[in-house]
Amino acid sequence: MNALPKFADLPHGYSVTHDTSDALLDQLIELSGSAEMIAAVPKDASERFVDRASFLQGTQQKQRSYYWLIKDDELAGIMWFHPKDPPVPLLPDTMSHTMSLRIYPKHQGRGLATPFMQIAHRDYFLQHPEATGIWVITDQSNERARHIYTKFGYQPLAVIDNRMVLLLGRLA
Ligand SMILES: CC(C)(COP(=O)(O)OP(=O)(O)OC[C@H]1O[C@@H](n2cnc3c(N)ncnc32)[C@H](O)[C@@H]1OP(=O)(O)O)[C@@H](O)C(=O)NCCC(=O)NCCS
């Protein structure tokens, strides 16, 4: 398994990069503030990606690692991972990391989520051999997200306050 090249290609002119730039960051801040994204993931606009400072602070404090989905210099989606225990107990000696995914409205419904996850998960597991698994949390009502996560191999682990926790073991 090779590390992610500077740009990994997806169909229809999309590519994935691990490198953060000011241009991508400014688009992330703007897109996070759209009404649709605020409805789905309000903390992006109110905490995580309010401005460059909040992005940098969260990145450093939480050791977040980002993957950017782009097309013609336009930000189409983002995924990030960082070490964090899930809100439910796991077996001893497990080291779990968490993942978050966004595909922005203009680019949704094009089947990008799965190939984007494949590229980013493979690279992240490669860069983080200590990670025994990756977990996600999503509103139980978010059927689209639950569908793509379980299709990818995430297994439902628990439901807490109407939010579902799903866990993925290391990829083969
Ligand atoms: C969730 C999200 C990442 C999915 O990306 P997307 O571009 O819309 O999804 P894709 O086109 O790649 O794939 C959608 C899949 O879900 C299915 N789907 C769509 N709506 C669905 C629904 N209401 N119920 C079940 N499945 C649904 C599609 O049929 C497709 O399935 P397939 O891959 O088996 O053909 C994106 O919509 C998003 O970022 N939403 C806002 C933020 C969010 O909810 N993030 C995740 C939760 S934290």
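This passage walks through the sheet, the nonpolar core, the loops and the ligand shell of a predicted model.

The sheet is a convenient place to begin. Eight strands form an open sheet in the order β1-β2-β3-β4-β5-β6-β8-β7, and the pairing is mixed. At its edges lie β1 (8-9) and β7 (155-160), each of which pairs on one side only. Helix α5 packs on this sheet, where it touches β1, β2, β3, β4, β5 and β6. The direction of α5 makes about 40° with that of β4.

Moving across the sheet, strand β2 (residues 15-17) runs antiparallel to β3 and is joined to it by 3 bridges. Within this pair, Val 16 stands opposite Leu 69 in β3. The strands β4 and β5 are also antiparallel, with 7 bridges between them; here Gly 77 has Ile 103 of β5 as its bridge partner. Between β5 and β6 the arrangement is parallel, and 3 bridges join the two. Ser 96 finds its bridge partner in Gly 133 of β6. Towards the β7 edge, 5 bridges join β7 to β8, and these strands run antiparallel. Ala 158 is paired there with Val 165 of β8. The two strands form a hairpin with 2 residues between them, and Asp 161 in the turn has a positive phi of about 50°.

The nonpolar core can be described next. In soluble globular proteins, nonpolar side chains tend to be buried together. The largest nonpolar core of this model holds 39 residues, among which Leu 69 and Phe 116 touch the most other members. At least two residues of this core come from each of α1 (22-32), β3 (65-71), β4 (74-83), β5, α5, β6 (133-139), α6 and β8 (163-169). Which residues does Leu 69 contact, once its neighbours within four places in sequence are left aside? The contacts of Leu 69 are Tyr 14, Val 16, Ala 76, Gly 77, Ile 78, Leu 112 and Phe 116. Val 16, already met as the residue opposite Leu 69, is thus one of these contacts, and so is Phe 116, which shares with Leu 69 the place of touching the most other core members.

Ala 120 gives a view from the helix side. This residue lies in α5 and counts as buried because it has 26 C-beta neighbours inside 10 Å, where 20 or more are needed. Beyond its neighbours within four places in sequence, Ala 120 is in contact with Val 16, Tyr 67 and Met 79. Val 16 is therefore in the contact lists of both Leu 69 and Ala 120, and a residue counts as a contact when the C-beta atoms lie within 7 Å. The C-alpha atoms of Ala 120 and Ile 78 are separated by 9.9 Å, although the two residues are 42 residues apart along the chain.

Two loop residues have backbone angles worth a look. Asp 73 has a positive phi of about 65° although it is not a glycine, and it lies in the loop between β3 and β4. Is Asp 73 buried or exposed? Asp 73 is exposed, because 9 other C-beta atoms lie within 10 Å and the limit for exposed is 12 or fewer. Asp 73 and Ala 23 are 50 residues apart in sequence, with 8.5 Å between their C-alpha atoms. Asn 162 likewise has a positive phi of about 65° without being a glycine. This residue is found in the loop between β7 and β8, and it is exposed, with 8 other C-beta atoms within 10 Å.

Finally, the ligand. Its shell contains 21 residues, of which Ile 103, Gln 108, Ala 113, Glu 143 and His 147 come nearest. Two or more shell residues are given by each of β5 (96-103), α5 (113-127) and α6 (143-152). Which element gives the most? That element is α6, with 6 residues. By character, the shell divides into 8 nonpolar, 8 polar and 5 charged residues. Ile 103 links this region to the sheet, being among the residues nearest the ligand and the bridge partner of Gly 77.

Key: Residues are numbered from 1 along each chain as its sequence is written. This is a predicted model: local features need pLDDT of at least 70, side-chain atom pairs count only at pLDDT 80 or more; totals for chains, interfaces and linings use all residues. A residue is near a molecule or strand if its C-beta atom, placed from the backbone, lies within 6 Å of it. Helices (H or I, at least four residues) and strands (E, at least two) are DSSP runs, numbered from the N terminus. Ala, Val, Leu, Ile, Met, Phe, Trp, Tyr, Cys and Pro count as nonpolar, Asp, Glu, Lys and Arg as charged, and the others, Gly among them, as polar. A nonpolar core is a set of buried Ala, Val, Leu, Ile, Met, Phe, Trp, Tyr and Cys residues joined through C-beta atoms within 7 Å. Two residues are in contact if their C-beta atoms, placed from the backbone, lie within 7 Å. Two strands pair if DSSP finds at least two bridges between them. Axes are lines fitted to C-alpha atoms, for helices over the stretch in contact, and angles run from 0 to 180 degrees between N-to-C directions.
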